[in-house]
Amino acid sequence: MPEIDYYKTLGINRGASAEEIRKAYKKLARKYHPDVRPGEKDAADQFKKVQQAYSVLGDADKRVQYDRYGHAFDGGRGGGPYRTAWASGPDGTHAVDLSDLFSQFFGGGAEGFRGGTGGAQFERHPFPGGFGAGQAGEAHFGHAHAASEPRKGEDITFEVTVPFQVAAEGGNHGLQIRRGENTERINVKIPAGVQDGSTIRLAGQGQPSPMGGPAGDLLLTVQVAPHPYFYREGNNLLVDVPITPSEAALGTKIEVPTLSEGHVNVKVPPGTSSGTRLRLRGKGVPHPKTHERGDQFVVVKIVIPHETSEAAKKLYSELATIESQTPRSGLW
């Protein structure tokens, strides 16, 4: 099978920054995602290639190994730079993929040999004759100190967009993921108070192990969808509320929405300026660990009508004559 250039798969050059790699991955993952293009095998295959490329280039250590050794380093299979050796047989000298060969004996990749920790020792002979002096086609290994456990399946990295309300209050969210050759729909429990960009790890929900070991994990990067009028600052909830100049000057009571308790009445004190924050304690978003709620802030916005009646203009003119100071006095 021809080797795939991970940089070409993501459409980036070899000098790309980590942020450029992440942006390229996000763009292609959205483009080829099974939810976006259901039933398209080519898109599903390309989505898998994008995931594989990002699993290597998105990891700083794996990227260094890949840049140094190319596909002699198999970051997706847990291999390392010592994967290929030579052995002789009836048909002459040929290459041996050590990670496949070791998997048959020890259930793991080649990383545990010659310089690994706790693995078996082997010798590489890049000449006809193979390993040691055994029969043609045999590979002889030194003493194995300990057989490694069957390797874990690959992790799946996935980006999921959840509604603002679900991210704030918690709840279940359905999504489709691809495991091996199958596309499955699962329900994920989103914890209350999850932040935009947070990662949720679901143990054992990744790719199955090819050697009977434990499955990998599913790593979900959460993107929180915007709300029509609420926005967040940490665990505090904010909503902009427009008022008229007369309401700001004289004071008033206004009805404002909350995220989980319907509408409440809020008193606006006389002389309130635009940008003033009125606090509603305990009506924010729960903290993911302590579950203690933040506060909600009503952000006052004084709004002037685009068209002003003649009567209103007359009153504003009278007001201008009796105002003794400017709000810009002493600022500069």
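The second largest pocket in this structure holds about 590 Å³ of space. Its lining takes in 17 residues, and those closest to the centre are Pro245, Ala249, Ile302, Leu319 and Glu323. Keep in mind that this is a predicted model. Besides the pocket, there are two open sheets, a hairpin and a helix pair to look at, as laid out below.

**The second largest pocket**

- Two helices, H7 (245-250) and H8 (310-322), each bring at least two residues to the lining of this pocket.
- H7 gives the largest share of that lining, with five residues.
- Sorted by class, the lining has nine nonpolar residues, seven polar ones and one charged one.

**The three-stranded sheet**

- Start with the open sheet of three strands: its order is E3-E7-E6, and the pairing is mixed.
- E3 (156-162) and E6 (199-202) sit at the edges with a single partner strand each, so one side of each has no neighbour in the sheet.
- From one strand to the next, the twist averages 30°.
- E6 and E7 (residues 218-224) run antiparallel and are joined by four bridges.
- If you want a spot to zoom in on, Leu202 stands opposite Leu218 in E7.

**The four-stranded sheet**

- The other open sheet to look at has four strands in the order E8-E9-E13-E12, with mixed pairing here too.
- What stands at its edges? Strand E8 (230-233) and strand E12 (277-280) do, and each has a single partner strand, so one side of each is left free of a neighbour in the sheet.
- Ignoring direction, neighbouring strands here are turned by 30° against each other on average.
- E12 pairs with E13 (residues 296-302) in the antiparallel sense, over four bridges.
- Within that pairing, look for Arg277, which stands opposite Val299 in E13.
- E13 also links back to the pocket: the strand spans residues 296-302, and Ile302 is among the residues closest to the pocket centre.

**The E4-E5 hairpin**

- E4 (residues 171-179) and E5 (residues 182-190) pair in the antiparallel sense, and nine bridges hold the register.
- One facing pair to pick out is Gln176, which stands opposite Arg185 in E5.
- How many residues lie between E4 and E5 in the hairpin? There are two, and Gly180 in the turn has a positive phi of about 60°.

**Helices H2 and H3**

- H2 (residues 18-32) packs with H3 (residues 41-57) at an angle of about 160°, and their axes are 9 Å apart.
- Angles over 145 degrees count as roughly antiparallel, so that is how H2 runs relative to H3.
- As for handedness, H2 passes H3 in a left-handed crossing.

Methods. Residues are numbered from 1 along each chain as its sequence is written. This is a predicted model: local features need pLDDT of at least 70, side-chain atom pairs count only at pLDDT 80 or more; totals for chains, interfaces and linings use all residues. Side-chain values use heavy atoms; hydrogens and water are left out. On a 1 Å grid over the protein atoms alone, a cavity is a set of points where a 1.4 Å probe fits but cannot get out, and a pocket is an open set with protein on both sides within 12 Å along at least five of seven lines; lining residues have an atom within 4 Å of a point. Grid points are joined across faces, edges and corners, and a volume is the space filled by probe spheres set on the points. Ala, Val, Leu, Ile, Met, Phe, Trp, Tyr, Cys and Pro count as nonpolar, Asp, Glu, Lys and Arg as charged, and the others, Gly among them, as polar. Two strands pair if DSSP finds at least two bridges between them. Axes are lines fitted to C-alpha atoms, for helices over the stretch in contact, and angles run from 0 to 180 degrees between N-to-C directions. Angles under 35 degrees count as roughly parallel, over 145 as roughly antiparallel, 65 to 115 as roughly perpendicular and the rest as oblique. A crossing is left-handed if the near helix is turned anticlockwise from the far one by less than a right angle, and right-handed if clockwise.
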